Amino acid sequence: MTKLKSKLNKTEEVATDQFSVLNSGQDVANFLEIPYGQLLYLLYKRPDEKKYISFYIPKKTKGRRLISKPMKGIDILQQKLKPHLESFYRTKAPVHGFVKGKSIVSNASAHKKHKYVLNVDLADFYGTINYGRVRGVFLATPFKFGEKAASVLAQLICFQNKLPQGACTSPVVSNLVASNLDKKLVALAKRYHCQYTRYADDITISCNKKTFPHSLATYEGNNPITGETIIGKLLEDTIDSAGFRVNHSKVRLQIPFIRQSVTGLTVNEFPNVNRDFIRSVRAMLHDWKTNGLLTAEKNYISKHPQKKIDIPEDKLDGTYFLKVFYGKLSFIKMVRADKENNDSVVSNFALKAGELDPNPPKYIKEIMKKSESFDIFIGHASEDKDEVARPLFEECEKQGIIAFIDEIHISWGDSLTEKINHALGKSKYFLAVLSEKSIKKSWPRKELNSAVAREISGEQKVLPLIVGDHKKIFAEFPLLADKLFIQWEGDVEQIVDEIKKLKAKHPTK
């Protein structure tokens, strides 16, 4: 048998041209760069147990989920096929699952601050997408493949007459098959002035109407909190007509004043993770700090036996714990992205983790940098760096003064504006190294103007350090003319002593 390569050898342009006109099984084999006989063997003669590995994983709620992962030959062919399937799928506005640039966060955001939120789960989503439906997609627009090509492609994508959950092609194919469902539900939602989105098998419909449309869902009984949600006949018929079924045990109509959730995120005010998830991260961090990394890892594994973590105890080194912890924290950060600049939850977790971990992930380091506070910002021109600015910075370090200087705190590739604005905002004092050279350069002038503005608003204090003729310098900056200044004479120790006195006199400024 020919050894299969994971990528097509042909150019993308040639591959696109070939894919768009598939007519026969031989065409499919030529496109996938595999001998036709070998392709037929893999798809039709190889036993099922040598095509896929099937296993169960626990669902977040009750029950188990069947995962069928393709074995090497099938997997390689699907990997080659996947990007070309994706190129034919035109992302629909309400679809947020398995499409670039969208996520559970964008899905939840569409329903934030809405009065009513209806959640509907589709039963056996992948299982209802069978071989015939997949083949039908390839025969129809936009593909319009020949019958034999459509049959071979559907056989490559399906397993045991359904779309396997675990194959890389299944997500995009599910969206292609569900396009008719999306079209019908968009029209239905529009008819009742509602918002509709779908994330894989999770359907959400929300509105701000006085009452939720009974054609879509109602409550059984008088109590909307304890009563069972009954899906409306019109909505269920619409879903059935598109070839899908409702999971009646997972239909919820969420009313105002209670916690409303969409794809696991709360949406009452903004997309957010639930409190239990945040508590679990806080508990992990506390255990890590209190008992050490290795003990925290053992404790976490013992508390989650359902995860079946097969790591011998003598091989535990904290790696698994850190992977889980940082994964959860990264998820919180992603969900709460709109609050990133002032998100105390993420910042506090990140800063505490940074204290415990000598080599945290990049995003933790970035948060730690952004949280840095400085006693003094040394504003200067590059011409004054060697003689004035750097000696002052080094003396500050010796005497325990936290100083900001560009060459230390700004790395290759960093945004100058972002770094400097952050440091200015986090500095108690602005040490303005003013020379006849600096007053003629735009960047030192911008820094000084920003510091003066902050001083006027009471946020910062400007300390002028004059290098050269003070009259020429103050002629350029009349706002500083009435301020007491220090004339530079090379006495760095004396200048830093004065800064220390200011700190001691105004410790909270």
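A nonpolar core is here a set of buried Ala, Val, Leu, Ile, Met, Phe, Trp, Tyr and Cys residues joined through side-chain atoms within 4.5 Å. In this predicted model, the largest such core has 72 residues, and those with the most contacts inside it are Leu235, Ile239 and Phe244. Of the elements that contribute to this core, helix α7, which spans residues 147-157, gives the most, with 7 residues. When neighbours within four places in sequence are left aside, Phe244 is in contact with Leu122, Phe125, Thr128, Ile129, Arg133, Val177, Ala178, Leu181 and Ile239. Apart from the largest core lies another, of 31 residues, among them Met284, Leu329, Ala353 and Ile364. In soluble globular proteins, nonpolar side chains tend to be buried together.

Helix α7 also packs with helix α6 (residues 131-139), the two axes coming within 8 Å and crossing at roughly 135°. Because angles that fall outside the ranges for roughly parallel, roughly antiparallel and roughly perpendicular count as oblique, α6 is oblique to α7. The crossing in which α6 passes α7 is right-handed. On the side of α6, the contact is made by Tyr131, Val134, Arg135, Phe138 and Leu139, and on the side of α7 by Glu147, Ala150, Ser151, Leu153, Ala154, Gln155 and Ile157. By class, the residues of this contact divide into 8 nonpolar, 2 polar and 2 charged.

Both α6 and α7 are also among the elements against which the buried residues of helix α8 pack, the others being α4 (72-88), α9 (179-191) and β4 (195-199). Helix α8, covering residues 170-177, is mostly covered, with 7 of its 8 residues buried. These buried residues are Ser170, Val172, Val173, Ser174, Asn175, Leu176 and Val177, and Val177 is also one of the residues in contact with Phe244.

A further helix pair is formed by α11 (residues 275-291) and α13 (residues 319-335), which pack at an angle of about 140° with their axes 10 Å apart. This angle makes α11 oblique to α13, and α11 passes α13 in a left-handed crossing. Helix α11 takes part in the contact through Phe277, Ile278, Ser280, Val281, Met284, Leu285 and Trp288, while α13 does so through Phe321, Leu322, Val324, Phe325, Tyr326, Lys328, Phe331 and Ile332. The contact of α11 with α13 has 13 nonpolar, 1 polar and 1 charged residues. Met284, one of the α11 residues in this contact, is also among the residues of the core of 31 residues.

Key: Residues are numbered from 1 along each chain as its sequence is written. This is a predicted model: local features need pLDDT of at least 70, side-chain atom pairs count only at pLDDT 80 or more; totals for chains, interfaces and linings use all residues. Side-chain values use heavy atoms; hydrogens and water are left out. Axes are lines fitted to C-alpha atoms, for helices over the stretch in contact, and angles run from 0 to 180 degrees between N-to-C directions. Helices (H or I, at least four residues) and strands (E, at least two) are DSSP runs, numbered from the N terminus. Angles under 35 degrees count as roughly parallel, over 145 as roughly antiparallel, 65 to 115 as roughly perpendicular and the rest as oblique. A crossing is left-handed if the near helix is turned anticlockwise from the far one by less than a right angle, and right-handed if clockwise. Contact means heavy atoms within 4.5 Å. Ala, Val, Leu, Ile, Met, Phe, Trp, Tyr, Cys and Pro count as nonpolar, Asp, Glu, Lys and Arg as charged, and the others, Gly among them, as polar. Buried means under 20% relative accessible area, exposed over 50%, partly exposed in between (1.4 Å probe, protein chains only).
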